[in-house]
Amino acid sequence: MSTATMTAPLTKPGADEGRIGLRANLRHIGALVRRNALQIKHDPESMFDVLLMPVIFILLFTYVFGGAIAGKGNQQEYIQRLVPGMMAMMGMNIAMAVGMGVNEDFRKGVMDRFRTMPIARSSVLIAKIVVEIGRMLIATAILLGMGFLLGLEIRGTIPEFLGAIVLSTAFGAALMWIFILLGLAVRTPQAVQGMAMVVLMPLQFGSSIFAPTTSMPGWLEGFTQVNPVSNLADAARALINGQGAVAHPTLVTLGWAVAITAVTMPLAVSRFRKKT
């Protein structure tokens with residue numbers, strides 16, 4: 001054995017992340033996606049929120065609050081308003097669960113094992129996002145299925161309807177990076193949930209998801225106009241109902257999604273590398 005070989009520095013697994021090629025990165029992501037999907041298969045209770053939350057929320061708001069908000073006998077029109085708005089809400093709630101899951105994985109030592117492997121750090125988090133997008137689409141499908149049972153109509157075109165789903169998914173995926181970063185920053189899943197609810201509740205209920213903003217006080221109506229959730233709800237509503245402004249709320253929503261991802265994704269990956 002040569003002297004050069006004997007004195008060559010040992011490289012910590014994963015240290016040469018920048019040298020991992022695109023194809024290898026995709027293979028790593030695919031393998032981690034399969035691992036995460038199998039984990040769900042072995043723990044089917046983890047899907048309860050996805051399966052039950054859309055049913056409970058749509059029934060609750062339609063039959064408990066729908067008459068008060070839209071007027072008795074106007075539940076059909078309220079369904080046309082509520083379901084597109086709740087597509088935004090599904091993404092936000094799933095995103096919160098991502099942060100809690102990442103935090104729990106660190107507490108169990110799962111992430112420490114991943115960090116010793118010669119894989120890109122970002123692939124671990126991207127795989128998590130991919131699986132959670134799948135969960136989000138399942139929740140959205142159940143929400144829409146319940147909506148159709150209650151009388152929801154696609155008044156726009158099929159491409160517009162699919163566009164509403166894609167837009168909601170893109171915004172929800174962007175939010176996941178925020179909650180992954182939060183999950184890496186705090187100590188317990190309960191802290192993630194508590195801090196997330198403080199942020200999500202005003203964004204969800206201080207928006208156009210459930211009620212027209214014209215009935216709100218002036219200061220709150222002003223907040224709803226800059227609330228990205230309102231823009232997403234308005235865009236999805238216009239696409240599904242085939243009426244109303246589409247371009248402006250859609251562009252604003254996409255702008256928010258891109259900006260959130262551009263800022264929080266690098267921060268989350270950096271925090272993932274350094275977390276102890």
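In the next few minutes I will go through the overall fold, the annotated spans, one helix pair and one cavity in this structure.

Let me say at the outset that this is a predicted model, and I will keep that in view throughout. Starting with the fold, the chain contains eleven helices and zero strands, and reading along the sequence therefore gives nothing but α in the pattern, α-α-α-α-α-α-α-α-α-α-α. Taken along the principal axes, the C-alpha atoms occupy a box of roughly 85 × 35 × 35 Å.

Turning to the record, the unreviewed UniProt entry carries the annotation "transmembrane region" for residues 50–70, 82–103, 124–149, 161–184, 191–211 and 251–269. I looked at two of these spans in the model. Residues 82–103 are 100% helix and 0% strand, with the end C-alpha atoms 32 Å apart. Residues 191–211, by contrast, are 71% helix and 0% strand, and there the end C-alpha atoms are 30 Å apart.

Now to the packing of one helix pair. How do α7 and α11 lie against each other, at what angle and how far apart? Helix α7, which runs over residues 158–185, packs on helix α11, residues 247–274, at an angle of about 30 degrees, and the axes are 8 Å apart. Because angles under 35 degrees count as roughly parallel, α7 is roughly parallel to α11. The crossing of these helices is left-handed, and the residues of the contact of α7 with α11 comprise 19 nonpolar, four polar and one charged.

Finally, the internal space. Rolling a probe the size of a water molecule over the atoms reveals where empty space remains. In this structure there is one cavity of 30 Å³ or more, and the largest cavity holds about 40 Å³ of space. Which residues line the largest cavity? They are Leu32, Arg35, Asn36, Asp105, Met111, Phe114, Val124 and Lys128. By class, that lining divides into four nonpolar, one polar and three charged residues. In terms of helices, α2 (22–42), α5 (110–115) and α6 (121–149) each contribute at least two residues to the lining of the largest cavity, and the largest share, three residues, is supplied by α2.

To draw this together, we have a predicted model of eleven helices and zero strands, in which α7 and α11 pack with a left-handed crossing, and in which α2, α5 and α6 each supply at least two residues of the lining of the largest cavity. Thank you, and I am glad to take questions.

Note on methods
Residues numbered from 1 in each chain as written. Predicted model: local features only at pLDDT ≥ 70, side-chain atom pairs only at ≥ 80, totals over all residues. Heavy atoms only, no water. Axes fitted to C-alpha atoms, helices over the stretch in contact; angles between N-to-C directions. Helix = DSSP H or I, 4+ residues; strand = E, 2+ residues; numbered from the N terminus. Parallel < 35°, antiparallel > 145°, perpendicular 65-115°, else oblique. Left-handed = near helix turned anticlockwise from the far one by under 90°. Nonpolar A, V, L, I, M, F, W, Y, C, P; charged D, E, K, R; others polar. UniProt positions renumbered as here; feature names shortened; annotations may be inferred. 1 Å grid on protein atoms, 1.4 Å probe; cavity = no way out; pocket = protein on both sides within 12 Å on 5 of 7 lines; lining within 4 Å. Points joined across faces, edges and corners; volume = space filled by probe spheres on them.
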